[in-house]
Each structure stands twice: as C-alpha cells, then as structure tokens.
Protein chains: 2
Amino acid sequence: MALYFPKHSAAFTKAIEAIRGRPVAVLGHVRPDGDCIGSQVAVARVLRELGFDAVCYNHHRVPSNCASFVGDTPFFVDEDGVDSSRVAISVDCADRKRLGPVLQEAYPEVYLNIDHHISNSLYAEHNIIEGTASATGEILGGIFLDNDLTVDEVTAQALYVGIATDTGQFRFASTTRDTFEICCHLMERGADPAAAAMELYERESPAKLALLQRFLASFRYLCDGRACVGIIDKEAWAATGATKEDTEGLVDYARSIEGVEIGVLLEEMDGTMKGSFRAKDPVHRVDQLAIQFNGGGHACAAGFNPESTLDEFYPRLVDALETHFASLKETSQ
Amino acid sequence: MALYFPKHSAAFTKAIEAIRGRPVAVLGHVRPDGDCIGSQVAVARVLRELGFDAVCYNHHRVPSNCASFVGDTPFFVDEDGVDSSRVAISVDCADRKRLGPVLQEAYPEVYLNIDHHISNSLYAEHNIIEGTASATGEILGGIFLDNDLTVDEVTAQALYVGIATDTGQFRFASTTRDTFEICCHLMERGADPAAAAMELYERESPAKLALLQRFLASFRYLCDGRACVGIIDKEAWAATGATKEDTEGLVDYARSIEGVEIGVLLEEMDGTMKGSFRAKDPVHRVDQLAIQFNGGGHACAAGFNPESTLDEFYPRLVDALETHFASLKETSQ
C-alpha cells in the first residue's frame, strides 16, 4: 500500500521515539473547533496506546457540539492548572500565540507542531506541516495509517470529525481523493458519519436559529447584487440571547446567493464592531479588503475589526466594495 | 480488487448486451433531484461510450442547480416529444408512476430499473435494486467500476453529485465505507467536490433565503420543546416570490434544534395545505403520524396532505403530537 505522508510519517515516529517514557501535553488552539478537538483526542489516544501518559489542554472549553467526541480522553482547560513539565505537542495551531496566554507561558518550547495551515510559523523543535491536507485530522489519519498505529473507535471518529468539519462536509477545494480514502479507512475503524452529523448539526440552540432569522432579515444587496451584507446589531443580541459562537456559519448564507460574489457579516458589539468577508472566488482577495479595516485572512475568507461604530463604518464598507468591483472591472478589460 | 456489487454488475452487463444496437431512453422521476439527474447522465454517457444511441427524458426540467452537470449529454423534457420506440431504462425511480404521465404512457414496459429505494416496486423486466446503497449514483459507480467501463469526467461528476446530494453531504446513515471509496475512485476520474458544491449550494435565490427567514420567524415549540413547527403561510409566498421548490430543506432547520425530536413544516396553499415531518430517531415513526393526515413516508421522513385549511388543521396537529409523545412515554415505562 502506498503511504499517505511518507516523510511526515517517518518524522512523527522519530519524534515520538525520542520522548518515549516522558509525559506529554497535547495542546490545541483558542476557541477550538472540530479539527482541533478531534486532532487532540487522536494524538493523546494514540500516544496513550503506545504507553505514554498523555493529556490534552485547551485555553477554552470543548464546544458543546464536540463534547461527545472526547470520550474518556483526559481533557482539561488551562484555568484548572497545567503540568508544565510535560513535553508539549500542538495540533492545528498555526502560531504559538493561538495556544492562548496560559499555555504559551507554561510551554515556552513546543516539541512537536502538527498542522495543515500553510501559514504555520514553524515555532516548534519539530514541525510536521502539510498545507495540502484538508484538515490536521487528515494528516494524523494518514500518519497513523502509514505507521500502522492503533486507531480505536473514539480516535477514528475524532479524526473523521476533524476532516468533516474542516472540509465543510467535503465541500471545500481542499477535499481530495486521499481525503475520501482516509475517511474510508476511518470508517473501517469505527467512524460513524451519521452519528457525527447528529452531534455536529442537530443540536442547534433556538437562540442560534433566531439569530440566523434576524441575520437573513437584515440582508442588503450592494454593487448590483454582487455583494450581500447581513448585520447582527445590538438589538439582535439582546432579542435572541445568542452568544458570539452562534454567529459561526452566518456569513456563508450571505455568500450562498446566486450572483453574490462576496458575502459580508457585520457584528455590532458594545461601542465597536467586527466583520467577516467570504468570497466565492479567490480573485477577490478579501484579505486585501480586510487589511483596510484592521483585519486580514485568506483570499476567500477574512475578518476585520474597524475601530468604528456600525453607523460610521457602513458607508466606508459600501465605498470599499464599490471601489473593489470597479477596479476588478478595469483589470479585466 | 473486490467488486462492489458483483451480482448487480453481472446483471447490468447481461441486460445491456441483450439490447446492443438498439436506441435507449434513460428515464428519471418527476421533480428530479441530484441523484436522478446524475444517474441519468451517467447511464446515458456510459451507454453512448459503448456505441449506443442513448438519450435522457424527464417529465420536469433539470433543476437549475443541476443544469451544469448534464454537460453535452442529450437531455429532454417529455413535452418536447419522446421516441417511444427506444428501450426504456429507468434510474432512481421507485415506482412506474414516478415517471410522470407522459413517460408512463410512452413506455408501458420498462426494460431495466436501477434504484436504491428499498420500496421499489420491481416494475421492469430487469430490476437492479440495492437498498443498502446511499444513492443510485453509488450503485452505478460501483457497477461501472466493477465492469471497468469508461467513466469520463462528466460521468464521474454526475455520479458524485448523486451521492453527495442523496447522503446530505455524507451526513445520513446510508453513508458507508464503500460510499467514500467510490467517491475516491470518482475523483480519480475527474469528480470535483468543490465545483459540485458551488453549483449545488452557492446559487440560492434571494427569494429562497427570504422564505427561510420567514420560516424561522414562524417557529412554534410544542410538547415541551420536543417538536418544532414552522409555517409558510399564503402571505409568505406572496411577500417573497418563492416557488414550491424553495421549501426544500426548510424542515431540516426545525428538526436541527437541540431537544427537538420532530420538526414540522406546514405549507399553506390556495384553500388547502401540505406538510412534512422529520424525526431525529426512527422510534417516532412519523410515517404513522402522517397516515392520520392523508400522507405517508418513512420512519424519519414523511409528508401529508390533510384536506383542510391551515387554521382548521393546526389544533389537530398539536393534538396528534401531544398524543404521540404521551404514548411514547407510556411505551417506554
């Protein structure tokens, strides 16, 4: 059988062999998502199976829709205390800062850094970075399969959840034949897509759906329908009781409309605001748009934090979008 | 290599060999979806590659989000005329009636019937039915791979679309290891999940999103939050300009809420109404609930057409749901 990541798989084995017998802390990023949690669970379990004392630490709690995927894996938030004598392995964490303040201080040196973000700052002693992988879960799945390591049912499901969530359920361009093949192997080891989907997508809060309703009701089409802006204002927060987490995925609705090339989410906070851009095509370079407003990101997905109120900011946004589409037209002529 | 569907693959070859040289009509069901269109495209193209004169006929037009997957495959609606001398092959069509009136009359005898609905009425001379498959596209993909038939890029994408849509993007329990493995082979032959997703999910009409907004705004929680009912009333149709097609998927939002076990969609029409149930667990047997209101379906998904106005019907629905949850409680005690 061909190996998925021959170089990374050898590097993983070598790095793990070198710390045999030492306790390990598997670290994830702040505001952890499915791929972060799944990857932490998987690394900790595979190491424990190999005889390591491995535990997981996060700055923030496991999101409720991922809680069941942790199983009996030892998982702690850093405010409950961390054992800084452990060897640190980080997953899905593009930069040391993403560990959050407590873990950064507790682990000034990260031993092994496994990630699929191409922007990873290579902050560890050993860095296993594969930007072509759809998820850190895909890298880990490939490495475990390559090395014939024991993937138990909880590990298989955790890795599957990482892949399914980070590919938007196999909808993003990062989804490759290997993505599907690795999922196939994970199912042979106990991954259950329907059970994962039930936890991930069928446990929404009424507040989140109420927030979506208000977001949809706020849609404004700009630039001849090429941009769609949805707004969560102060009143929407108050009326729905929704939390900041509940805005996840909203901006995708703005982008999903026929003819819309850039979707925008604006969130009003106390005295200030933040926003997100999502483009259908990388030609829009929404990271460049976001830079104008104290933000950044990727060609198709970016965020910004203008030091401004919503009322002050909105006309600036309209101007920026109009200028953007006009310049695009000139370039293409 | 192990075969996916050894019996069906042999039956397919034998059935096709017996009609070599004869023109073929590949038929789909009324209100075709991604799996229907994808399966028709795939069968017609594979037969054409084998030297057959094969065309596709449907009662209704290809939905706009599937139009691009047809490629240069000959595809016609039956109102433009059908050649009834062709040998009829139906796909994804559980019953002859689902062909619609014109195709039923033009093809009183169907030669080959390929489907994944376990309820298929076996109406053809040869019936290739595999209820364990997630989609008709999965059966066809398996058969074509088993028989080493030429799957071109358009065919690969069409089959992929069938699988991706009929599994709800790999979220339904019908998703198996073979589902993923077949997708992996389809990607090797040119299937492109991200391009498919762009067509399927990023071309929504503003009217559909406006309908979703009104549906969410109408939510009523019943039976201690175990049921959620959303209503599209006459005013919602008028205000949004949405079409009947635009209600697809709405009921899933009602079911997706934490604690909700049954989601309900009620649609008010001129003078009458229709409805849908979606359950999280087959224990609810919503087909049995639907039977009370002139409907039917499956354990987790059913529809109904009470001969009643919305105002008359609503209290009956509330009663039925309360009785249902009460009886469930008694059964489990």
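**Two chains and how they meet**

In chain A, the C-alpha centres of domain 1 and domain 2 sit 31 Å apart. The bounds, which come from an automatic or database domain assignment, put domain 1 of chain A at 6-201 and domain 2 at 208-332. All this is a predicted model, where local features need pLDDT of at least 70, side-chain atom pairs count only at pLDDT 80 or more, and totals for chains, interfaces and linings use all residues. Residues are numbered from 1 along each chain as its sequence is written, chains are lettered from A and ligands numbered from 1 in the order in which they are written, and side-chain values use heavy atoms, with hydrogens and water left out.

How do the two chains relate? Two copies of a chain are related by a rotation about an axis and a shift along it. Here, turning chain A by 180° with 0.0 Å of shift along the axis lays it on chain B with an RMSD of 0.0 Å (a least-squares fit on the C-alpha atoms of residues with pLDDT of at least 70 in both copies). That is what a two-fold axis does. As for the contact (heavy atoms within 4.5 Å), 100% of the interface residues of chain A are interface residues in chain B too, so the copies meet through the same surface.

Chain A and chain B each bring 38 residues to the contact. Between them they bury about 3,400 Å², with carbon and sulfur atoms giving 63% of it; buried area is the accessible area (1.4 Å probe) that two parts lose on being put together, summed over both. A:R171, A:F180 and A:E202 supply 18% of what chain A buries against chain B, more than any other three residues.

Charged pairs turn up here as well. Counting a salt bridge as a side-chain nitrogen of Lys or Arg within 4 Å of a carboxyl oxygen of Asp or Glu, there are 6 between chain A and chain B. One of these joins A:E258 to B:R203, at 3.1 Å from N to O. Helices (DSSP runs of H or I, at least four residues, numbered from the N terminus) also take part: helix 6 (177-188), helix 7 (193-201), helix 8 (206-217) and helix 10 (250-255) of chain A each put at least two residues on the side touching chain B. Helix 6 of chain A gives the most, with 7 residues.
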